[in-house]
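Here's a quick briefing to read with the structure open beside you. Keep the viewer handy and click along as you go.

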Amino acid sequence: MALGACGDDRCPFAACVGVQVLCEVVYAISLRVVLIMPSLMPALTANLGSTNDKLRSCASTALDIIASAATPQPQLLIQGLAQAVANGSVRTKIAVIEKLGVVLPSLHQSQPQLTRLLLPAAFSLAQEARGDAKSAAAQLMGLLGSLLGSTAVLSAAANVSSATEQRARELMFGGAARS
C-alpha cells in the first residue's frame, strides 16, 4: 500500500491517496479495523510526522477516524501511538503528542488504565536532550500529569529510577525540580 511504502515524503501524493482510501475502508469495516491496526499505526504515525502538509493532514484525519472506529479496543490505538512516541523521529513524536492531546482525554474518561500505557514512552522521551524533544516530553508529561495526577506519574517514574523521577518532575513542573 502506498501508505507504508512512501511515508518518508518521497511520494506524498501516493501516500495521501492511500490514506484517503484507508479512511473510506475504515468507514466500511468499522469494528474490524482493530484487525489491521498493528500494521496501520506505524505507517500512519510516520505520515503524521511528514514534512508534507497535505500528507500530515490526511494522516491526522485517518487517525481521527480510526480513533472513533477503535472504540471497542482503544488499547491498540494507544499502543500504536506510544510506539511512535518511543521509536519515531522527533517530528513524528511531536505530532503524535499533539494528537494524544486531542484523543487521550476522552479515552481516559472511559478507560483510564490505557493512559498508563504511555508512561514508558514518556519516560524514554524525557531522557532526550534536544530542545524540540524536550518540549514534546514536557507536553506529554503535562498531559499525563493532568490525567493521571502528578503523584501517580512521579511514583511510576520513581519505580524506573531516581533520575527518571527527577527528570519527570522537572518536565512536569518546569525548570528546577521541587521536593
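Which residues of the largest nonpolar core touch the most other members? They are Leu77, Val85, Leu100, Leu125, Leu140, Met141 and Leu144, out of 47 residues in that core. Bear in mind that this is a predicted model. As for the overall build, the chain has 10 helices and 0 strands.

**The chain as a whole**

- Reading from the N terminus, the elements go α-α-α-α-α-α-α-α-α-α.
- The chain has 179 residues, and 45% of them count as buried.
- If you take the contacts with a separation of 6 or more, 67% are between residues 24 or more positions apart.
- About 8400 Å² of the chain is exposed, with carbon and sulfur atoms supplying 55% of that.

**The nonpolar core**

- Two or more core residues come from each of helix H3 (37-48), helix H4 (53-69), helix H5 (74-87), helix H6 (90-110), helix H7 (119-126), helix H8 (131-148), helix H9 (150-160) and helix H10 (162-173).
- H6 provides the largest share of this core, with 8 residues.
- Leu140 is one of the core residues that touch the most other members. Setting aside neighbours within four places in sequence, Leu140 is in contact with Val85, Ile97, Leu100, Ala122 and Leu125.

**Helix H6**

- The end C-alpha atoms of H6 are 30 Å apart, which agrees with the 30 Å that its 21 residues should span at 1.5 Å a residue.
- There is still a bend to look for: H6 turns by about 40 degrees at Val103, and a proline, Pro105, follows within four residues.
- The buried residues of H6 are Val90, Thr92, Lys93, Ala95, Val96, Ile97, Lys99, Leu100, Val103, Leu104, Leu107 and His108. Two of the names there are lysines, Lys93 and Lys99.

**Two H6 residues to click on**

- Is Arg91, in helix H6, buried, exposed or partly exposed? Its relative accessibility is 44%, so Arg91 counts as partly exposed.
- Not counting residues up to four places away in sequence, Arg91 touches Gly49, Ser50, Thr51 and Arg56.
- Arg91 and Ala46 sit 45 residues apart along the chain, yet 8.9 Å separates their C-alpha atoms.
- His108 also lies in helix H6, but this one counts as buried because its relative accessibility is 14%, under the 20% cut-off.
- A polar atom of the His108 side chain lies 3.0 Å from the backbone oxygen of Leu147.
- Apart from neighbours within four places in sequence, His108 is in contact with Thr115, Leu147 and Leu148.

**Between H6 and H7**

- Arg116 is found in the loop between H6 and H7. With a relative accessible area of 42%, Arg116 is partly exposed.
- Leaving out residues up to four places away in sequence, Arg116 touches Leu148, Ala152 and Ala156.
- The C-alpha atoms of Arg116 and Leu144 are 8.3 Å apart, with their positions 28 residues apart along the chain.

**Helix H7**

- H7 is mostly covered, with 6 of its 8 residues buried. Those are Leu119, Ala121, Ala122, Phe123, Leu125 and Ala126.
- What do the buried residues of H7 pack against? They pack against H5, H6, H8, H9 and H10.

**Helix H10 and what follows**

- H10 has 12 residues and reaches 16 Å from first C-alpha to last, close to the 16 Å expected at 1.5 Å a residue.
- Thr164, Arg167, Ala168, Arg169, Leu171 and Met172 are the buried residues of H10, and the buried residues of this helix pack against H7, H8 and H9.
- After H10 comes Gly174, whose phi is positive, near 75 degrees.
- Gly174 is partly exposed, at a relative accessible area of 41%.
- Gly174 and Ala138 are 36 residues apart along the chain, and their C-alpha atoms are separated by 7.9 Å.

Conventions:
Residues numbered from 1 in each chain as written. Predicted model: local features only at pLDDT ≥ 70, side-chain atom pairs only at ≥ 80, totals over all residues. Heavy atoms only, no water. Core = buried A, V, L, I, M, F, W, Y, C linked by side-chain atoms within 4.5 Å. Buried < 20%, exposed > 50% of the residue type's maximum accessible area, 1.4 Å probe, protein only. Contact = heavy atoms within 4.5 Å. Expected span 1.5 Å × (residues − 1). Bend = angle between axes of the 7 residues up to and from the residue. Areas by Shrake-Rupley, 256 points an atom, 1.4 Å probe, with all protein chains shown as cover. Polar contact = N/O pair within 3.5 Å; in protein donor to acceptor, adjacent residues only side chain to side chain.
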